[in-house]
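Here's a quick tour of one protein model, written for someone who is just getting started. Have a look at the picture, then work through the points below.

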Amino acid sequence: MSKQVLAKIRPSSSLILLAKDAGAGVTKRSYDYNALLLTRASKSSFMPDSSVFPGGVCDASDSSPAWLSHFQRHNISSAMLNDVCHVKGPRPEIFNSRPHTDDAIDTSLSLRLTAIRETFEELGILLCRDAKTLTSTSGYGQFHEQFDRAHWQHVVHNDASQFLELCKLLDVLPDVWSLHDWSAWRTPSTFKKRFVTAFFLTCLEQSPSLHIEPNEVKDCAWRSPLDYLQACLRKELWLPPPQFYELSRCLNFGTLEELRQFALQRASKGIVLTHPVMYKCNDGVVHLLPGDDAYPPNPDETSDKIETGLSVEEFRGQAKSKLHRSEHRNQHESQLIINFAPTDGQVNPLDPAQM
């Protein structure tokens, strides 16, 4: 990909936030945890009215060296942060890009700070650790609610640099330890506004209370991954492709602890960037994904959907052996197909229509 194209793609960060559902029993079709998604405001400039994980664009303040000083005041060194944020396996450029200034913090850390800040801005959840919870080894995320959340949510929404000031005031550290590398998605070239997004996964032992930001968020809810997916298939809500795909991956895990352990162990294997390439069929649209036999060498070769002149099924039949694609009959009906094991150790999505 050319530097000119890359320069137009904005880095962002998103958080797959999961919490135990105390009232759930684990059966063949139930899960003991819920996912938190928000519905974007109708006036949103990107994917209005969609149900998405909290997150947003990286701000320069997320890379400020002042964050390192704040961590160091709590005896957390740069080396200790590197141990948290770096993995041995290969990851997309968004995780490895050089900071904009010589004194900016490492991108792997700033992406986590973006996800935590945006989650607070949009939903009022402050994932953090204080002196008592800093040494926690539970593996579950920590959060703090005993402050004027509505006021500070408004302040941080208007000025992202104030998030550090909030953490200083409360004497807390953003809980970067509970965020596990999960996936990365790049917006297809058919979109004028494009992002490359790092997705992290965090597990909570209980659901925090919510306070939505009314300018960006229409609604939000804790629901099981299967509930969200089936509601989408019933056309009750709209899940963009990354949300549909990642929630479908969660269907492999009946318990939150099982999913948390998997995320913890898998992270060291790295991440394969998911960059959909859109093909127009006679009866729908197909998003080809990395590893599919028909996936093009240059996924940014054209800014238009590629015409196939075939039906979705005929187009699928042309593949030699390896399939990795998302087939869409309309905005709500999606079928994910992958018939090989991902190289980054991820699980394949399951079909919610068959559950």
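A residue counts as buried when its relative accessible area is under 20%. Keep that cut-off in mind for this predicted model. W67 has a relative accessibility of 2%, so W67 counts as buried. We'll start with W67 and follow its contacts from there.

**W67 and its surroundings**

- You'll find W67 in helix α2.
- Which residues does W67 touch, once you skip those up to four places away in sequence? They are S61, D62, I105, L113, F163, L164, C167 and P174.
- I105 is worth a second look: 38 residues separate W67 and I105 in sequence, while their C-alpha atoms are 7.9 Å apart in space.

**The nonpolar cores**

- W67 turns up again in the largest nonpolar core, which has 48 residues.
- Which members of that core touch the most other members? They are L17, W67, F95, F120, F163 and F200.
- Helix α5, covering residues 107-123, is the top contributor to this core, giving seven residues.
- There's also a second, separate core, made up of 35 residues, and I16, L18, Y33 and Y228 are among them.
- Back in the largest core, F163 has a busy list of partners: leaving out neighbours within four places in sequence, F163 is in contact with W67, I116, R117, F120, L126, V156 and P174.

**Where α6 meets α7**

- Helix α6 spans residues 149-158 and helix α7 spans residues 162-170.
- How do these two helices sit relative to each other? Their axes come within 8 Å and cross at roughly 145 degrees.
- On the α6 side, the residues that meet α7 are W152, V155 and V156. On the α7 side, they are Q162, F163, L166 and L169.
- Sorted by type, the residues of this contact are six nonpolar, one polar and no charged.
- L166 belongs to helix α7. Is L166 buried or exposed? With 0% relative accessibility, L166 falls under the 20% cut-off, so it counts as buried.
- Setting aside neighbours within four places in sequence, L166 is in contact with F120, L126, F147 and W152.
- L166 and A66 are 100 residues apart along the chain, and their C-alpha atoms are separated by 13 Å.

**Helix α9 and the largest cavity**

- α9 is mostly covered, with nine of its ten residues buried.
- Which ones are they? The buried residues of α9 are P242, Q243, F244, Y245, E246, L247, S248, R249 and C250.
- Now for the empty spaces: the model has three cavities of 30 Å³ or more.
- The largest cavity has a volume of about 50 Å³.
- Its lining is made up of W185, P241, F244, Y245, H287, L289, S326, H328 and L336.
- Both α9 (241-250) and β15 (324-328) supply at least two residues of that lining. α9 gives the most, with three residues.
- By type, the lining of the largest cavity has six nonpolar, three polar and no charged residues.

**The second largest cavity**

- The volume of the second largest cavity is about 40 Å³.
- Around the second largest cavity you'll find P188, S189, T190, P276, V277, M278, P299, T302, D304 and I306.
- The lining of the second largest cavity divides into six nonpolar, three polar and one charged.

**Two residues with positive phi**

- Here's some background: most residues other than glycine have a negative phi.
- N75 is not a glycine, yet its phi is positive, near 65 degrees.
- Where is N75? N75 sits in the loop between α2 (66-72) and α3 (78-85).
- N75 has a relative accessible area of 66%, which is over the 50% cut-off, so N75 counts as exposed.
- K235 is another one that isn't a glycine but has a positive phi, of about 65 degrees.
- K235 lies in the loop between α8 (225-233) and α9.
- Its relative accessibility is 48%, which lies between the 20% and 50% cut-offs, so K235 counts as partly exposed.

Key. Residues are numbered from 1 along each chain as its sequence is written. This is a predicted model: local features need pLDDT of at least 70, side-chain atom pairs count only at pLDDT 80 or more; totals for chains, interfaces and linings use all residues. Side-chain values use heavy atoms; hydrogens and water are left out. Axes are lines fitted to C-alpha atoms, for helices over the stretch in contact, and angles run from 0 to 180 degrees between N-to-C directions. Helices (H or I, at least four residues) and strands (E, at least two) are DSSP runs, numbered from the N terminus. Contact means heavy atoms within 4.5 Å. Ala, Val, Leu, Ile, Met, Phe, Trp, Tyr, Cys and Pro count as nonpolar, Asp, Glu, Lys and Arg as charged, and the others, Gly among them, as polar. A nonpolar core is a set of buried Ala, Val, Leu, Ile, Met, Phe, Trp, Tyr and Cys residues joined through side-chain atoms within 4.5 Å. Buried means under 20% relative accessible area, exposed over 50%, partly exposed in between (1.4 Å probe, protein chains only). On a 1 Å grid over the protein atoms alone, a cavity is a set of points where a 1.4 Å probe fits but cannot get out, and a pocket is an open set with protein on both sides within 12 Å along at least five of seven lines; lining residues have an atom within 4 Å of a point. Grid points are joined across faces, edges and corners, and a volume is the space filled by probe spheres set on the points.
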